[in-house]
Amino acid sequence: MTKDTKAAIQFSHVNYQSGDTKILHDITGWFPKNRITTLVGPSGAGKTTLFRLCNGLISPDSGEIYIDDQKISSYNPVELRRKVGIALQTAVMVPGTVRKNMALPFELQGKELPEETAEEMIKLVGLDKSYLDRDAKDLSGGQRQKVSIARTLVMKPEILLLDEITSSLDRVSQQEIEELIVRINHTYQTTIMWITHNLKQALSIGEYTWVMMDGELVETGESSLLKDPQNKRVQTFVKGEAE
Ligand SMILES: Nc1ncnc2c1ncn2[C@@H]1O[C@H](COP(=O)(O)OP(=O)(O)OP(=O)(O)O)[C@@H](O)[C@H]1O
């Protein structure tokens, strides 16, 4: 990262607990603007919880989160959700057409999805515009994930959070989604934060990486760190994943 790289999201001594369970401990770190950063770490490390903090679904118990140098608590929730989009492993669709599903973020604000936005986004994710009239229940897993990404993109988020979006897909669909995310990053300079359990994917797609374990950020930097981690726990994790 050069010294001119700006932070899209910055964490400063963030702690989060649910009841008596401490989930995130003293997280300090940042996600570079306009770049792809992957988050890796064992199950239960706190990665999804970190995402929920980033789009305001939950708030830290202490510490600060800044989005574009502005405290997250000072954003209006609607503005925050527009700026920070999220796509999940299970792409949930409501009954009806692809167009209806893609219109949901607009509908929630009492607005209509402009047809040109629907067409732009469905094409961007690699599907023909005739897909807009298809029934969402007839889509394959890979197509459903593409529509879910297109639905997030209709709000033109500056930051896109992706939580294990390829883990239930076959190899071909996985590769298509990887190419799509790189294309989105190049086309709109969208800042991407991508949780993956696939270290190969983290190395090949992400420029930067966060490694989380037991609610802590244990190592961060250029993704090549995964080839030669400094931290002993990360070394053990990477070795275990490679076997
Ligand atoms: N609302 C909650 N109440 C209690 N514990 C919770 C809550 N949410 C998450 N946790 C716990 O916090 C820890 C971190 O969960 P989180 O889902 O953030 O991890 P993760 O790194 O995303 O895991 P995975 O890779 O399995 O999705 C887990 O031990 C989980 O059981």
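Helix α1 is followed by G56, whose phi is positive, near 80 degrees. Helices and strands here are DSSP runs, counted from the N terminus: H or I over at least four residues makes a helix, and E over at least two makes a strand.

Before going further, a word on what you're looking at. This is a predicted model, so local features need a pLDDT of at least 70 and side-chain atom pairs count only at pLDDT 80 or more, while totals for chains, interfaces and linings use all residues. Residues are numbered from 1 along each chain as its sequence is written.

**Helix α1 and the ligand**

Let's stay with α1. Because 6 of its 8 residues are buried, α1 is largely enclosed by the rest of the structure. Buried means that 20 or more other C-beta atoms lie within 10 Å of the residue's own; 12 or fewer makes it exposed, anything in between partly exposed, and the C-beta atoms are placed from the backbone. The buried ones in α1 are K47, T49, L50, F51, L53 and C54.

Which element gives the largest share of the shell around the ligand? That's α1, with 3 residues. Strand β2 (21–32) also supplies at least two, as does α1 (47–54). The full surroundings of the ligand are S18, T21, I23, G41, S43, G44, A45, G46, K47, T48 and T49, where being near means having a C-beta atom, placed from the backbone, within 6 Å of the molecule. By type, the shell splits into 2 nonpolar, 8 polar and 1 charged. For that count, Ala, Val, Leu, Ile, Met, Phe, Trp, Tyr, Cys and Pro are nonpolar, Asp, Glu, Lys and Arg are charged, and the others, Gly among them, are polar.

**Helix α7, a two-sided helix**

Now hop over to α7. Its 18 residues (171–188) should span 26 Å at 1.5 Å a residue, and its end C-alpha atoms are 26 Å apart, which agrees. The expected span is 1.5 Å times one less than the number of residues. Its buried residues are I177, I181 and I184. Seen down the helix axis, they fall within an arc of 60 degrees, so they line one face of α7; the arc is taken from the directions from the axis to the C-beta atoms. Why does that spacing work? An α-helix has 3.6 residues a turn, so residues three or four places apart point the same way.

The buried residues of α7 pack against α6 (141–153), β7 (159–163), β8 (191–195) and α8 (199–205). On the other side, R171, V172, E179, H186 and T187 are exposed. After α7 comes Q189, with a positive phi near 55 degrees.

**The nonpolar core**

The largest nonpolar core has 60 residues, and M102, M121, A150, L161, L162 and W194 have the most contacts inside it. Such a core is a set of buried Ala, Val, Leu, Ile, Met, Phe, Trp, Tyr and Cys residues joined through C-beta atoms within 7 Å. Strand β1 (residues 7–18) gives the largest share, 5 residues.

**Two loop residues with positive phi**

Neither of these is a glycine.

| Residue | Loop | Phi | Other C-beta atoms within 10 Å |
|---|---|---|---|
| D68 | between β4 (62–67) and β5 (70–71) | about 50 degrees | 15, partly exposed |
| K156 | between α6 and β7 | about 50 degrees | 14, partly exposed |

Technical notes
Two residues are in contact if their C-beta atoms, placed from the backbone, lie within 7 Å.
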